[in-house]
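Q: Could you take a close look at one part of this model for me, and then walk outwards from there to how the domains meet?

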Amino acid sequence: MISGSSRGRLAGDGCERDWIWDREVETATPDATFARAAAAWERQLRHLREDSPFYARRLGSAPVGLGELHRLPFTSKQDLNQAIDVRPPFGANLAVPEARVKRVYQTSGTSGSPSMIGLTSFDIETWTEIGTRTYFATGIHDHHSVLTTFGAGPFVAGHTHFVLNRIAARAVPVAPGDTERVIFGLRAGLADTLLATPSFAQYLANRLEAGEARDWALAHVVTGGEPGGGIPAVRDHVQSVLGVTVNEIMGIGDIAPSLFGECPLQQGMHFCGAGHVWPELVDPDTQAPIGIEAGAVGELAYTHLTRQAMPVVRFLSGDIVRIEGTACDCGRTGFRMRCLGRRDDMFIVRGVNVYPSAIVALVAEHRPRVTGRARVVRGGEGVAVEPPVPVEVEVPAGTVDDARLAGELEHAIHAHLTFRARVQLVPEAEFGDNAYKTRLTVQR
Ligand SMILES: [Zn+2]
């Protein structure tokens with residue numbers, strides 16, 4: 001065996017395949033990565049000025065190198081929505097003739113109507129390439145068999161089917177929401193890998209604790225769609241009950257559906273978009289640039305370097321992340337991060353910023369008296385919340401009457417997060433949402 005060949009592989013994977021999909025790009029030095037990106041940006045800036053009415057107006061005509069990106073304005077989701085009003089259905093930032101758009105996804109449209117994400121053939125290929133680096137980084141190889149509950153569309157997660165094809169893994173698609181068929185497929189030994197939201201992975205683990213059989217081949221769960229797979233108490237629970245390795249991936253519809261993938265060393269998600277996407281870290285309040293180095297916390301902003309159809313520049317993602325490091329024993333040089341949550345989910349208690357995922361992390365430590373799901377109830381519009389902060393915690397039917405539990409959770413939140421909470425225990429049957437995704441904040 002090649003020395004160190006297990007560093008990037010899942011436990012038990014003895015294959016000979018290189019564990020890095022695109023070694024030249026993914027292990028490049030920071031200087032080489034910057035040089036490649038800077039050359040791509042030069043071409044992209046010309047494309048934007050010539051072909052995107054939206055950006056031609058915003059970018060002006062002065063030369064702007066990649067290192068001077070901070071001189072350009074940010075793009076918000078609101079800007080893109082206004083661009084759609086100007087030129088529906090794609091928006092004034094469509095930078096190719098409509099006939100060249102060969103695939104259309106839609107966003108979930110949490111407020112108002114969904115927006116369109118159009119791709120040229122080249123863009124489809126780029127998404128597949130980035131996604132392949134991402135999923136390959138989690139340890140999925142051609143000899144694996146992957147059960148996925150992503151539909152083909154309308155959402156961008158459907159693009160994962162192209163990625164599994166590229167890796168040449170076996171794909172076992174199950175319709176979103178068809179829980180019984182997932183369990184049937186796993187029991188039948190159809191898959192050793194499951195792609196799921198952390199909510200669903202927890203749901204599965206909780207059902208197994210309740211007496212489900214565990215005679216299946218499942219060894220690897222890749223979580224995505226929401227934070228959770230990186231929260232120690234959540235991860236440990238799923239790993240120990242299901243007997244699997246859990247790692248996570250993340251993407252964002254307007255940029256690329258899978259852009260970050262965590263390697264089997266489980267030290268945070270690697271940025272996998274080098275050469276196609278340029279990431280920046282900024283202060284979520286002031287938008288001042290923050291260096292991408294271990295320990296830094298900020299909002300990710302993205303610039304497409306090669307996107308043809310609907311490129312964006314300095315797009316504010318709303319995702320708040322903590323940088324875990326810029327090197328890894330697996331050999332990848334793409335920085336590693338954990339997502340703390342959405343900017344919109346953040347609230348402030350007496351001057352302290354709080355992300356609901358921090359509450360979930362504490363609550364999950366009280367298993368099995370809790371299921372692992374929790375959410376914050378917000379009343380008003382503002383981000384400032386007066387304590388005690390209402391928190392709803394899902395519990396198995398048997399523990400609703402656990403009089404001490406609410407008090408213990410309130411104490412844990414106060415001790416670790418320094419604010420007072422008012423915890424209400426909600427039985428599984430009444431918690432609502434579905435097993436696939438949990439909203440961390442509800443307005444009521
Ligand atoms: Zn790594």
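A: **A429 and the domain contact**

A429 is exposed, because just 9 other C-beta atoms lie within 10 Å (exposed is 12 or fewer other C-beta atoms within 10 Å of a residue's own, buried is 20 or more, partly exposed is in between, with C-beta atoms placed from the backbone). A429 sits in helix α12, residues 428–431 (helices are DSSP runs of H or I, at least four residues, numbered from the N terminus). E394 is 35 residues away from A429 in sequence, and their C-alpha atoms are 9.1 Å apart.

A word on ground rules: this is a predicted model, where local features need pLDDT of at least 70 and side-chain atom pairs count only at pLDDT 80 or more, while totals for chains, interfaces and linings use all residues. Residues are numbered from 1 along each chain as its sequence is written.

Now zoom out. The chain is assigned domain 1 (1–7 + 18–340) and domain 2 (347–443), with bounds from an automatic or database domain assignment. Their centres, taken over C-alpha atoms, are 28 Å apart. Across the boundary, 20 residues of domain 1 are in contact with 15 of domain 2 (contact puts C-beta atoms, placed from the backbone, within 7 Å). On the domain 1 side, α8 (198–209) and α9 (232–242) are the elements giving two or more residues. The largest share, six residues, comes from α8.

Setting aside neighbours within four places in sequence, V221 is in contact with L194, A196, A201, V238, L242, V244 and V246.

Terms used
Two residues are in contact if their C-beta atoms, placed from the backbone, lie within 7 Å.
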